[in-house]
Amino acid sequence: MSEPLEAENEARTGGRAELPRSPVGSHNEWDPLEEVLVGRLEGATTPSRHPVVSCNVPPLAARFQRLAAGMSYPRALIGPAQQELDRFVTLLQSLGITVTRPDAVDHRRRFATPDWSSRGFCNTCPRDSMLVIGDEIIETPMAWPCRYFETHSYRSLLKDYFRRGARWTAAPKPQLTEALYDPGYRPPGPGEPMRYILTEFEPVFDAADFVRAGRDLFVTRSNVTNRLGIEWVRRHLGPDYRIHEIESRCRTPMHIDTTFMVLAPGKVLVNPEYIDVDRLPDILSSWDILVAPPPDPIREPLLQITSLCGKWLSMNVLMIDEKRVIAERHHVTMLRALERWGFEPIPCDLLHYAPFGGSFHCATLDIRRRGGLESYFD
């Protein structure tokens, strides 16, 4: 028996274990941030070829991914992104926030199930593969085959959090067979009904399709999150939580945090291209709807070709508390808008992280925020 478990058993009194306070605790996107998990670039590999990958990224990036599938990213992309990531980590630490990191992994190694094989991708975006609800970390059943074992790079941290009192859950591991993907899928054109590449063969979801506001969660159905995935989360969390679906007009939806972001009690940031504010859930009727300004254009040709995330990463901000927010230095228009709305933006560079899957919100996972579970809509 391990020493931590022995200590736990020795602490039992009256037939009940006295567990320590969980090191994991985060109920929303804005309580004061105390500990955060930040991704790594080491070992990053371009995603292996698969329709569910190419359908979700911009056309130029999809072409790049097909040509370079399963290869290490070039130094011309890794170098600038690593410098920016290091400075971002230093900034977080200077704000008194504990930063933890996953293990470095060589994602070029091939793996297989009985039905398919793939190489890996990267562990740059912990927000995708794990969902933190209170003191529980949920490993998500992601739809990209190349991400099947991505949470293994976080296992040393997950085991440590569990031994120290956190709850650790894994959603059912998906099969990811051909039955999950529509073989005739093509992105819907203007005016056409919405279509998704995913069938309802089994539950799949990325955690980045959810944002949290205490007892209320908001989610978008997307090309990585199907209705069964949303229903799994709803049943797993039970009656103490409510899940509200946000209708997105994006023709190739993937992840809510460039579409709809809750920033503070009573304030939500929306993407005017993807959100019809008149069709938001009624529960938001008393909140301030902050319409994101157009992103400042990206002039660097290499980023235009390789970015996996499109132009709206200007919305991919990280709240430090209800006022302070880390936002991309390049997107001056967004910084000024945040100031007008009463926030205190902290400019930082992470523009070159886009080829690896995101910006500040994507690159992080809140482990602990100071505050309890509340309802902001009752």
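**Exercise 1. The largest cavity**

How much space lies in the largest cavity? Determine also which residues and strands line the largest cavity, and how the lining divides by class.

*Solution.* The structure is a predicted model, and a search of the whole of it finds two cavities of 30 Å³ or more. The largest cavity holds about 80 Å³ of space. Its lining is made up of Glu29, Arg127, Met130, Leu131, Val132, Ala207, Phe210, Val211, Arg212, His361, Leu365 and Asp366. Turning to secondary structure, at least two lining residues come from each of strand E5 (130-133), strand E8 (210-213) and strand E17 (364-369). Sorted by class, the lining has seven nonpolar residues, four charged residues and one polar residue.

**Exercise 2. The second largest cavity**

Find the volume of the second largest cavity and describe its lining by residue and by class.

*Solution.* The volume of the second largest cavity is about 40 Å³. Around this cavity stand Ser26, His27, Val132, Ile133, Gly134, Arg212, Gly214, Leu217, Tyr241 and Leu373. By class, five of the lining residues are nonpolar, four are polar and one is charged. Val132 and Arg212 belong to this lining and are also listed for the largest cavity.

**Exercise 3. The sheet that contains E8**

Work out the strand order and pairing of the open sheet that includes E8, and state which strands stand at its edges.

*Solution.* The open sheet consists of three strands in the order E8-E9-E10, and its pairing is mixed. E8 and strand E10 (242-245) each have a single partner strand, so each stands at an edge and has one side without a neighbour in the sheet. From one strand to the next, the twist averages 25°. E8 and strand E9 (residues 216-219) run antiparallel and are joined by four bridges, and Ala213 stands opposite Asp216 in E9. A helix completes the picture: H7 (residues 227-237) lies across E8, E9 and E10, and runs at about 160° to E10.

**Exercise 4. Two residues with positive phi**

For Leu176 and His255, give the phi value and the place in the chain, and decide whether each is buried or exposed.

*Solution.* Most residues other than glycine have a negative phi. Leu176, although not a glycine, has a positive phi of about 55°, and its place is in the loop between strand E7 (167-170) and E8. The relative accessible area of Leu176 is 3%, which lies under the 20% cut-off, and therefore Leu176 counts as buried. His255 is likewise a residue other than glycine with a positive phi, near 80°, and is found in the loop between E10 and strand E11 (260-264). With a relative accessible area of 8%, again under 20%, His255 is also buried.

**Exercise 5. The surroundings of Thr333**

Locate Thr333, classify its accessibility, and identify its contacts beyond four places in sequence.

*Solution.* Thr333 lies in helix H9 (residues 332-340). Its relative accessibility is 30%, and because this value falls between the cut-offs of 20% and 50%, Thr333 counts as partly exposed. Once the neighbours within four places in sequence are left aside, the contacts of Thr333 are with Pro293, Pro294 and Asp296. For one of these, Pro294, the separation along the chain is 39 residues, while the C-alpha atoms of Thr333 and Pro294 are 7.6 Å apart.

Key
Residues numbered from 1 in each chain as written. Predicted model: local features only at pLDDT ≥ 70, side-chain atom pairs only at ≥ 80, totals over all residues. Heavy atoms only, no water. 1 Å grid on protein atoms, 1.4 Å probe; cavity = no way out; pocket = protein on both sides within 12 Å on 5 of 7 lines; lining within 4 Å. Points joined across faces, edges and corners; volume = space filled by probe spheres on them. Nonpolar A, V, L, I, M, F, W, Y, C, P; charged D, E, K, R; others polar. Pairing = 2+ DSSP bridges. Axes fitted to C-alpha atoms, helices over the stretch in contact; angles between N-to-C directions. Contact = heavy atoms within 4.5 Å. Buried < 20%, exposed > 50% of the residue type's maximum accessible area, 1.4 Å probe, protein only.
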